[in-house]
Amino acid sequence: MTLDRTRTERGRRLSGAYWRLWWATGVSTAGDGVFAAAVPLLAVTITRDPRLVSAMSAVTYLPWLLLSLPAGALVDRCDRAALMWRSQAVQAVIVGAVAVLAAVGHLGIPLLAFLIFASGACAVVSNNAAQAILPDLVAAPLLHRANGHQQVVMTVGQQFAGPVAGSLLFTAAVAWPFGVDAATFVVSAALLASLPRMGRRGSGPPPLRTAVADGLRWLAGHRLLRTLALLLGVNTFCGQLANATLVLLATQTMGLDARGYGLLLAGAAVGGLLGGLVGPRAIAWTGERAALVAALAANAVVFVGIGLSPDVIVLGVLLGCNGFAVTLWNVLSAGLRQRLVPSALLGRVSSAYKTVGWGLMPLGALAGGLVAHSFGLRAAYPVAGVLRGVALLIALPVLIRAMRPDASS
């Protein structure tokens, strides 16, 4: 009886290895938040052209379009923990180079874009591996909880602590935020190196082209995940279309300085933090289907409202509402993939999912720069909100059928 009770308690607890992953995620995403706040501020010191500012956002996500598929194949044939810490060690070197070049004043737009792309390429490998390794560390019934914890610490780091620190560090010295980001990658890599080995078992890996095709084929054949990937593609395109010039909306239209911009991002992150904390309970209470549709609908409505915001307070509140909806979506969609996709294919299917879902982000960022340049800094948000709403209406019948309790795929 005592042994059975002990096993039951262990089945309800997240492992020590998971918590090391959690700490590594927290440290590295705090650095990501510092970097994300500092890059547009640095770009604005070089150019005021919305098209060039939005191009920095486009370059950030371009690796997901170009490299995600081969990265997924790599994740399924290699030790996932080793891929994570090695890619983050390389990122530390790249971001350290940004810090040095910014300090000496030799960083123009082309070189900055190249270094952002190189760092993003490492992030593609690390993030794909992080999604795929979670079911190796966490029992299936705990995946929503584990993903919720991950979303909380990512929100705190990327959107709350990181942006505030990044903007404050930037006001002190241009190079400081990038040096701090490099240090966070060193710490995170050390934590990840302590995870148990997660090498793939079985016969020799198939050729890269075959491995990538297997992931694409599996995703294309699964009605629910295929639909979610397409919806994600529209949503992320619209998200970048609207947010690529947020720094200009905040600093030029709303009159915020660098510190105020960081606080705006941090205030918006409160919604994401709440989404990670209460999201798993909301999913359990309403069911996955209702929570998913509500998150997608909220995304559309909030973006229209952001474009009409009369002041920075309303803007911050609406950005927080959007953060809640995005986090709820992330918890749900990650848990569905981890539960539905076989472990041996998870890296490739997740990379295919993200190629479809994130591949349009660079185009969205460029489109946002063009819309802002042509029609004003507010215009992109209502356009993005309407596009999101139309996409949801088109996909809604499929989501309702595919997420029935008796649906098998």
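Here is a walk through this predicted model, from its confidence to its cores, salt bridges and surface.

Let's start with how far to trust what you see. The protein averages a pLDDT of 83, and 93% of the residues score at least 70. Confidence is not spread evenly, though: helix α8, residues 176-192, has the highest mean at 94, while helix α1, residues 2-12, has the lowest at 41. Look at the start of the chain and you'll find that pLDDT stays under 50 over residues 1-10. For that stretch the model has 0 contacts beyond four places in sequence.

Now move inside. The largest nonpolar core holds 59 residues, and the members that touch the most others are Met56, Phe178 and Ile306. Helix α2, running from residue 16 to residue 46, gives the most to this core, with 8 residues. Apart from this core lies another one, of 56 residues, with Leu14, Tyr18, Ala146 and Leu345 among them. To get a feel for the packing in the largest core, click on Ile306, one of its best-connected members. Setting aside neighbours within four places in sequence, Ile306 is in contact with Leu315, Leu318, Leu319, Arg378 and Tyr381.

Helix α2 is worth another look, this time at Ala30, which is found in that helix. Ala30 counts as partly exposed because its relative accessibility is 23%, and the cut-off for buried is under 20%. Beyond its neighbours within four places in sequence, Ala30 is in contact with Gly157, Gln158 and Gly162. For a sense of scale, take Ala30 and Leu224: they are 194 residues apart along the chain, and their C-alpha atoms are separated by 32 Å.

A short stop at helix α11, residues 246-253. Its buried residues are Leu246, Val247, Leu248, Leu249 and Ala250. After α11 comes Gly255, whose phi is positive, near 75°.

On to the charged pairs. The count comes to 6 salt bridges, and Asp76 is a good place to begin. Asp76 forms a salt bridge with Arg80, with the closest N and O atoms 2.7 Å apart. Are these two residues buried or exposed? Asp76 is buried, at a relative accessible area of 7%, and Arg80 is buried too, at 0%. Asp76 also meets the side chain of Arg348 in a salt bridge, at 2.8 Å from N to O. Arg348 lies in helix α15 and Asp76 in helix α4 (residues 68-77), so this pair ties together parts that are 272 residues apart in sequence. Arg348 counts as buried because its relative accessibility is 11%.

Another salt bridge joins the side chains of Glu288 and Arg339, at 3.2 Å from N to O. Here Glu288 sits in helix α13 (residues 288-307) and Arg339 in helix α14, so the pair ties together parts 51 residues apart in sequence. Arg339 is partly exposed, with a relative accessible area of 43%. Step back to the wider pattern and you'll see Asp76, Arg80, Asp136, Asp214, Arg217 and Arg348 joined into one network by salt bridges that share partners.

Next, follow the chain past α14. Ala344 is found in the loop between α14 (312-340) and α15 (346-358). With a relative accessible area of 49%, Ala344 is partly exposed; the cut-off for exposed is over 50%. Try tracing from Ala344 to Phe375: they are 31 residues apart in sequence and 48 Å apart in space, C-alpha to C-alpha.

Finally, turn to the surface. Which residues make up the nonpolar surface patch of about 410 Å²? They are Phe160, Val270, Leu274, Leu277 and Val278. Helix α12, residues 258-286, gives the most to the patch, with 4 residues. Val278 is found in helix α12, and at 35% relative accessibility this valine counts as partly exposed. That value matters for the patch because patch residues need over 30% relative accessible area.

Technical notes: Residues numbered from 1 in each chain as written. Predicted model: local features only at pLDDT ≥ 70, side-chain atom pairs only at ≥ 80, totals over all residues. Heavy atoms only, no water. Patch = residues over 30% accessible without salt bridge, like charges linked within 9 Å, V, L, I, M, F, W, Y side chains within 5 Å. Areas by Shrake-Rupley, 256 points an atom, 1.4 Å probe, with all protein chains shown as cover. Salt bridge = Lys/Arg side-chain N within 4 Å of Asp/Glu carboxyl O. Helix = DSSP H or I, 4+ residues; strand = E, 2+ residues; numbered from the N terminus. Buried < 20%, exposed > 50% of the residue type's maximum accessible area, 1.4 Å probe, protein only. pLDDT = per-residue confidence, 0-100. Contact = heavy atoms within 4.5 Å. Core = buried A, V, L, I, M, F, W, Y, C linked by side-chain atoms within 4.5 Å.
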